[in-house]
Amino acid sequence: MASADERALFLVTDAERAVADLLPIETDPAAARRALQRVPLWFHTFALNREHGLYTPGVARDHRYRVPFLPPSFASARVLDVGTFDGFYAFLAEHRGAAEVVAVDNEQYVDWVRARWGIELRGGEGFATIAELLGSRVAYRRGDALALDGAGEPFDVVLCFGILHRVENPLGMLRRLAALLAPRGRLLIETYGIASEGPVDARMVEVHEPGAVYAGDEYVYWGFGAGGLRAMARLAGLTAGHVDGTVVVDGHPRIMATLTRTS
């Protein structure tokens, strides 16, 4: 049986609605309820039908801090969403006019969800459910972003939210994503930061023990200081524009950065 804290995590709060409402799906109530029943656990909160108050109970908490970093328009852009999970940001990019969106996920979250909540996912069912409701053309690829070969056209915008701290080789990941960017393209990174009482702007990367950040989550390896992320970006051939290392959500430090190719 879920604890009181776990039950609270599955409630849809005003914070989750505020982000979900950026992508109003507004399907009919019967279809919305069927969608809710199809997916054992939702990561993202989606506004299925606002009039009837039907939202997916996403376990991701309060992403409002990401909203100012998102382009108000993706018109004519090719967009890559790395670690898409249920695909909220991929679908939002399509909603905001992207010409093409590719969403990639290695579905490592299946193990994470099983370990943390004892819930079995097949992988990709949340994404597929929302894609069907939207009639979306977003292309879903199951696999590791490090394996993307870049054989096609480069991407104008790459989104990498909540992923860099979960990969064993973050520098390699940044180099791979830099190689996938168009010359004036942007890489939007959100990752785990360092403790607010620490040297936020230091050239620093913290190393976390398995399960030390989130109980039952063995995949958070790193915490980045703003200076550490800037330095790593330079090694990857990227220039850091705006970096915000001051965000704290539910006691957890986050860092947001906009990176561009140096050449």
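Buried here means under 20% relative accessible area, with exposed over 50% and partly exposed in between (1.4 Å probe, protein chains only). Helices (H or I, at least four residues) and strands (E, at least two) are DSSP runs, numbered from the N terminus. With these terms in hand, 8 of the 10 residues of strand β11 are buried, so β11 is largely enclosed by the rest of the structure. The structure is a predicted model, in which local features need pLDDT of at least 70, side-chain atom pairs count only at pLDDT 80 or more, and totals for chains, interfaces and linings use all residues. Residues are numbered from 1 along each chain as its sequence is written, and side-chain values use heavy atoms, with hydrogens and water left out.

The sheet that holds β11 is a good place to begin. It is an open sheet of 7 strands in the order β5-β4-β3-β6-β7-β11-β10, with mixed pairing; two strands pair if DSSP finds at least two bridges between them. Strands β5 (139–142) and β10 (238–249) stand at the edges with a single partner strand each, so one side of each has no neighbour in the sheet. On average, and with direction ignored, neighbouring strands of this sheet are turned by 15 degrees against each other. As general background, strands of a sheet pair through backbone hydrogen bonds, either parallel or antiparallel.

At the β5 edge, strand β4 (residues 100–105) pairs with β5 in the parallel sense over 4 bridges, and Val104 stands opposite Arg141 in β5. Towards the other edge, β7 and β11 run antiparallel and are joined by 7 bridges, with Thr258 in β11 as the bridge partner of Leu188. Strand β11 (residues 252–261) also runs antiparallel to β10, to which 8 bridges join it. Along this pairing, Asp244 stands opposite Met256 in β11, and Leu238 stands opposite Arg261 in β11. The two strands β10 and β11 form a hairpin with 2 residues between them, and Asp250 in the turn has a positive phi of about 55 degrees.

The helices can now be placed around these strands. Axes are lines fitted to C-alpha atoms, for helices over the stretch in contact, and angles run from 0 to 180 degrees between N-to-C directions. Contact means heavy atoms within 4.5 Å. Helix α4 (residues 88–95) lies across β3 (78–82), β4 and β6 (155–161), and runs at about 180 degrees to β4.

Two packed helices are described by the angle between their axes and the distance between the axes. For helix α3 (residues 29–38) and helix α6 (residues 125–134), the axes come within 10 Å and cross at roughly 165 degrees. That makes α3 roughly antiparallel to α6, on a scale where angles under 35 degrees count as roughly parallel, over 145 as roughly antiparallel, 65 to 115 as roughly perpendicular and the rest as oblique. Ala31, Ala35 and Arg38 in α3 meet Thr129, Glu132 and Leu133 in α6. The buried residues of α6 are Glu125, Gly126, Phe127, Thr129, Ile130 and Ala131, and they pack against α3, β1 (47–49), α4, β4 and β5. Just after α6, Gly135 takes a positive phi of about 65 degrees.

A second helix pair involves helix α8 (residues 226–235), where 7 of the 10 residues are buried, so α8 is largely enclosed by the rest of the structure. Its buried residues are Ala226, Gly227, Gly228, Leu229, Ala231, Met232 and Ala233, which pack against α7 (170–180), β7 (181–192), β8 (205–207), β9 (222–224), β10 and β11. The axes of α7 and α8 come within 9 Å and cross at roughly 55 degrees, and the two helices are therefore oblique to each other. Pro170, Leu171, Leu174 and Arg175 in α7 meet Met232, Ala233 and Leu235 in α8. After α8 comes Gly237, whose phi is positive, near 85 degrees.

One charged side chain rounds off the picture. Glu16 lies in helix α2 (residues 14–20) and, at 5% relative accessibility, counts as buried. Leaving aside neighbours within four places in sequence, Glu16 is in contact with Leu11, Thr45, Ala60, Arg61 and Asp62.
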